[in-house]
Amino acid sequence: QVQLVESGGGLVQPGGSLRLSCAASGSILRINTMGWYRQAPGKERELVADITNTGSTIYPDSVKGRFTISRDNAKNTVYLQMNSLKPEDTAVYYCNALIATTTMYRSLNSWGQGTQVTVSS
């Protein structure tokens with residue numbers, strides 16, 4: 001139906017930067033909200049950033065001022081620019097999107113497969 005594919009994760013030193021990308025594909029009518037979540041070992045999945053189709057954004061205090069979410073509607077893609085990375089940012093990062101499809105009346109809450117981000121010296 002719809003697919004989300006993340007890319008851009010990897011190993012980076014503290015203070016470094018990474019940019020994550022997530023591309024949506026499939027029977028997409030409209031993507032309402034796109035966002036990023038992360039899950040560290042032994043921890044619950046938590047919101048990292050969220051962006052609406054009109055550009056409104058939400059960040060938790062833990063990443064505010066360091067991370068920036070953006071989207072390219074023409075490409076059905078959302079990005080997460082991560083600067084000043086800290087070891088506590090280490091986690092699997094998941095793309096999330098609320099997607100209206102061409103074949104379903106209700107929107108789908110979709111998740112990507114995740115991409116590993118490791119911040120270590």
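Throughout these exercises, contact means heavy atoms within 4.5 Å. The model is predicted, so local features need pLDDT of at least 70 and side-chain atom pairs count only at pLDDT 80 or more, while totals for chains, interfaces and linings use all residues. Residues are numbered from 1 along each chain as its sequence is written, and side-chain values use heavy atoms, with hydrogens and water left out.

**Exercise 1. Place Ser110 in the structure and list its contacts, leaving aside neighbours within four places in sequence.**

Step one is the element: Ser110 belongs to strand 10, residues 108-111, where strands (E, at least two residues) are DSSP runs numbered from the N terminus. Step two is exposure, for which buried means under 20% relative accessible area, exposed over 50%, and partly exposed in between, with a 1.4 Å probe and protein chains only. Ser110, with a relative accessible area of 9%, is therefore buried. Step three is the contact list, which consists of Val2, Leu4, Cys95, Asn96, Ala97 and Ile99. As a last step, a distance between C-alpha atoms can be read off: Ser110 and Ala24 lie 9.4 Å apart in space, although 86 residues separate them in sequence.

**Exercise 2. Find the disulfide and describe its geometry and setting.**

A disulfide is a covalent bond between the sulfur atoms of two cysteines. The criterion applied here is a pair of cysteine sulfur atoms within 2.5 Å, and by this rule the count comes to one. The bond joins Cys22 to Cys95, with an S to S distance of 2.1 Å. The angle about the S-S bond is -85°, and the link of Cys22 and Cys95 is left-handed. Cys22 sits in strand 3 and Cys95 in strand 9, so that the pair links distant parts of the chain, 73 residues apart. Both Cys22 and Cys95 are buried.

**Exercise 3. Work out the strand order of the open sheet that contains strand 8, and then the bridge partners of Leu80.**

Two strands pair if DSSP finds at least two bridges between them. Begin with strand 8 and strand 3, which run antiparallel and are joined by six bridges; within this pairing, Leu20 has Leu80 as its bridge partner. On strand 7, the pairing with strand 8 is again antiparallel and extends over six bridges, with Ile69 standing opposite Leu80. Strand 1 is then added through six bridges to strand 3, also antiparallel, where Val2 stands opposite Gly26. The result is an open sheet of four strands in the order 1-3-8-7, with antiparallel pairing. Strand 1 and strand 7 are the edge strands, each of which pairs on one side only. The hairpin of strand 7 and strand 8 has four residues between the strands, and there Asn76 takes a positive phi near 50°. For strand 8 itself, five of its six residues are buried, so this strand is largely enclosed by the rest of the structure.

**Exercise 4. Identify the residues of the largest nonpolar core that touch the most other members, and the strand that gives the most to this core.**

A nonpolar core is a set of buried Ala, Val, Leu, Ile, Met, Phe, Trp, Tyr and Cys residues joined through side-chain atoms within 4.5 Å. The largest one has 30 residues, of which Trp36, Leu80, Met82 and Tyr93 touch the most other members. Among the elements that give two or more residues to this core are strand 3 (18-26), strand 4 (28-39) and strand 8 (77-82). Strand 9 gives the most, with five residues. To see the surroundings of one such member, leave aside the neighbours of Leu80 within four places in sequence: its contacts then include Leu18, Trp36, Val48, Phe67 and Tyr93.

**Exercise 5. Characterise the aromatic pair.**

Rings of Phe, Tyr and Trp (its six-membered ring) pair if their centres lie within 6.5 Å, and planes under 30 degrees apart count as stacked, over 60 as edge-to-face and the rest as tilted. The structure holds one such pair. Tyr37 and Trp111 are 5.0 Å apart centre to centre, with 65° between the planes, and the pair is edge-to-face. Since Tyr37 lies in strand 4 and Trp111 in strand 10, the pair ties together parts that are 74 residues apart in sequence. Tyr37 is partly exposed, with a relative accessible area of 22%, and Trp111 is partly exposed at 35%.
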